[in-house]
Amino acid sequence: MDTTSDPRPLSGRTALVTGAAAGIGRACAEALAEAGARVYVVDLSADAAAEVAGRIGGIACVADLADPAAVDALPDDADIVVNNAGLQHIAPLHEFPVERFTQIQRVMVEAPFRILRHTLPHMYRGNWGRIVNISSVHGLRASAFKAAYVTAKHALEGLSKTAALEGARHGVTSNCISPAYVRTALVERQIADQASAHGIAEEEVVERIMLDRTAVKRLIEPAEVAALAVWLCSPAASYITGTSLPVDGGWTAH
């Protein structure tokens with residue numbers, strides 16, 4: 001399966017993408033389907049999941065990833081897992097709501113763990129699997145006011161490395177993609193929160209906060225992240241495992 005020459009290199013594969021109704025998840029679902037995979041479109045929003053699934057010929061799976069029972073009920077026959085779903089809350093550490101911190105860890109750490117625990121046996125039986133964890137530059141670096149998100153993304157990086165070590169002898173690779181700010185609804189919602197937390201105007205947030213540490217002064221597009229996810233499923237990336245690929249415009253070069 002060579003993504004450089006075969007227009008549908010993932011034909012016969014099944015992918016499960018969380019948070020697949022919007023943003024990076026939707027872009028990944030679309031790109032994987034275009035590459036030939038059958039895609040489980042997992043999202044909390046039933047209507048949005050159904051729309052994406054209908055458009056790409058996938059299967060909508062409505063699930064609240066903060067509910068362990070709902071996560072455990074997801075399909076277990078995926079050859080490719082893209083752990084993408086996430087949420088954000090901006091607050092000083094000493095004022096951070098405990099219940100919100102717990103929810104973020106459940107969605108962004110426990111749910112990926114449960115999904116991998118559920119799907120790895122299938123990958124092992126087929127001696128092939130690809131795990132793509134959508135981490136963040138915040139899985140490699142910290143920022144103020146994002147205690148739960150930074151903690152969750154650092155944990156996801158560790159989970160990904162463990163899966164890589166255990167899965168290697170079964171033909172399974174596991175990697176993180178760690179982007180800086182991507183042009184998604186999640187990022188757009190942060191602008192007002194960041195403005196409040198830092199005491200600046202909303203129009204200053206992108207320039208002064210979001211792009212301050214990047215050399216490339218623009219937001220990343222979801223399709224750019226999705227293209228890398230598909231590439232990680234290709235033979236060209238079969239020796240890449242247990243690593244994190246920063247798509248951060250030079251943020252981590254500092």
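**Figure 1. Salt bridge between glutamate 110 and arginine 106 in the predicted model.** The side chains of glutamate 110 and arginine 106 form a salt bridge, with an N to O distance of 4.0 Å. This close-up, like those that follow, shows a predicted model. Because the two residues are 4 positions apart in helix α4, about one helical turn separates glutamate 110 from arginine 106. Glutamate 110 is partly exposed, with a relative accessible area of 26%. Arginine 106 is likewise partly exposed, its relative accessible area being 38%.

**Figure 2. Salt bridge between arginine 114 and glutamate 110, and the network around it.** Arginine 114 and glutamate 110 meet through their side chains in a salt bridge of 2.8 Å, N to O. Both residues belong to helix α4, where they are 4 residues apart, about one turn of the helix. Arginine 114 is partly exposed, at a relative accessible area of 24%. A network of salt bridges links Asp72, Arg106, Glu110 and Arg114. In the structure as a whole there are 9 salt bridges. Side chains of opposite charge can pair when their charged atoms come close.

**Figure 3. Salt bridge between aspartate 77 and arginine 38.** The N to O distance in the salt bridge joining the side chains of aspartate 77 and arginine 38 is 3.0 Å. Aspartate 77 is placed in the loop between α3 (68–72) and β4, and arginine 38 in strand β2 (residues 38–43), so the pair ties together parts that lie 39 residues apart in sequence. Aspartate 77 has a relative accessible area of 25% and is therefore partly exposed. Arginine 38 is also partly exposed, with a relative accessible area of 34%.

**Figure 4. The largest cavity and its lining.** Searching the whole structure yields 1 cavity of 30 Å³ or more. The volume of the largest cavity is about 70 Å³. Its lining comprises 14 residues, of which Asn83, Ala85, Val107, Met108 and Pro112 are the closest to the centre. Two or more lining residues come from each of the elements α4 (98–126) and α5 (147–167). Helix α4 provides the largest share of this lining, with 5 residues. Sorted by class, the lining of the largest cavity contains 10 nonpolar, 3 polar and 1 charged residues. Rolling a probe the size of a water molecule over the atoms shows where empty space is left.

**Figure 5. Surroundings of asparagine 83.** Strand β4 (residues 80–83) contains asparagine 83, one of the residues closest to the centre of the largest cavity. Asparagine 83 counts as buried because its relative accessibility is 3%, and buried means under 20% relative accessible area. Leaving aside residues up to four places away in sequence, asparagine 83 touches Thr18, Pro112, Ile115, Leu116, Val132, Asn133 and Ile134. Among these contacts, Pro112 is also one of the residues closest to the centre of the largest cavity.

**Figure 6. Surroundings of asparagine 84.** Asparagine 84 occupies a position in the loop between β4 and α4. With a relative accessible area of 10%, asparagine 84 is buried. Residues up to four places away in sequence are not counted here; the contacts of asparagine 84 are then Thr18, Gly19, Ile24, Gly25 and Ile134.

**Figure 7. The largest pocket and its lining.** The largest pocket encloses about 960 Å³ of space. Among the 42 residues lining the largest pocket, Ala85, Gly86, Leu87, Leu186 and Arg189 are the closest to its centre. At least two lining residues are supplied by each of α1 (23–34), β2, α4, α5 and α6 (185–198). Helix α6 gives the largest share of the pocket lining, 6 residues. By class, 22 nonpolar, 13 polar and 7 charged residues make up the lining of the largest pocket.

**Figure 8. Valine 41 and the nonpolar cores.** The largest nonpolar core has 48 residues, and those touching the most other members are Leu32, Val39, Val41, Ile80, Val82, Val132 and Ile177. A second, separate core consists of 33 residues, including Cys61, Ala91, Ala111 and Leu116. With residues up to four places away in sequence left out, valine 41 touches Val17, Ala20, Ala49, Val52, Ala53, Ile56, Ile59, Ala60 and Cys61.

Definitions and conventions. Residues are numbered from 1 along each chain as its sequence is written. This is a predicted model: local features need pLDDT of at least 70, side-chain atom pairs count only at pLDDT 80 or more; totals for chains, interfaces and linings use all residues. Side-chain values use heavy atoms; hydrogens and water are left out. On a 1 Å grid over the protein atoms alone, a cavity is a set of points where a 1.4 Å probe fits but cannot get out, and a pocket is an open set with protein on both sides within 12 Å along at least five of seven lines; lining residues have an atom within 4 Å of a point. Grid points are joined across faces, edges and corners, and a volume is the space filled by probe spheres set on the points. Ala, Val, Leu, Ile, Met, Phe, Trp, Tyr, Cys and Pro count as nonpolar, Asp, Glu, Lys and Arg as charged, and the others, Gly among them, as polar. Buried means under 20% relative accessible area, exposed over 50%, partly exposed in between (1.4 Å probe, protein chains only). Contact means heavy atoms within 4.5 Å. A nonpolar core is a set of buried Ala, Val, Leu, Ile, Met, Phe, Trp, Tyr and Cys residues joined through side-chain atoms within 4.5 Å.
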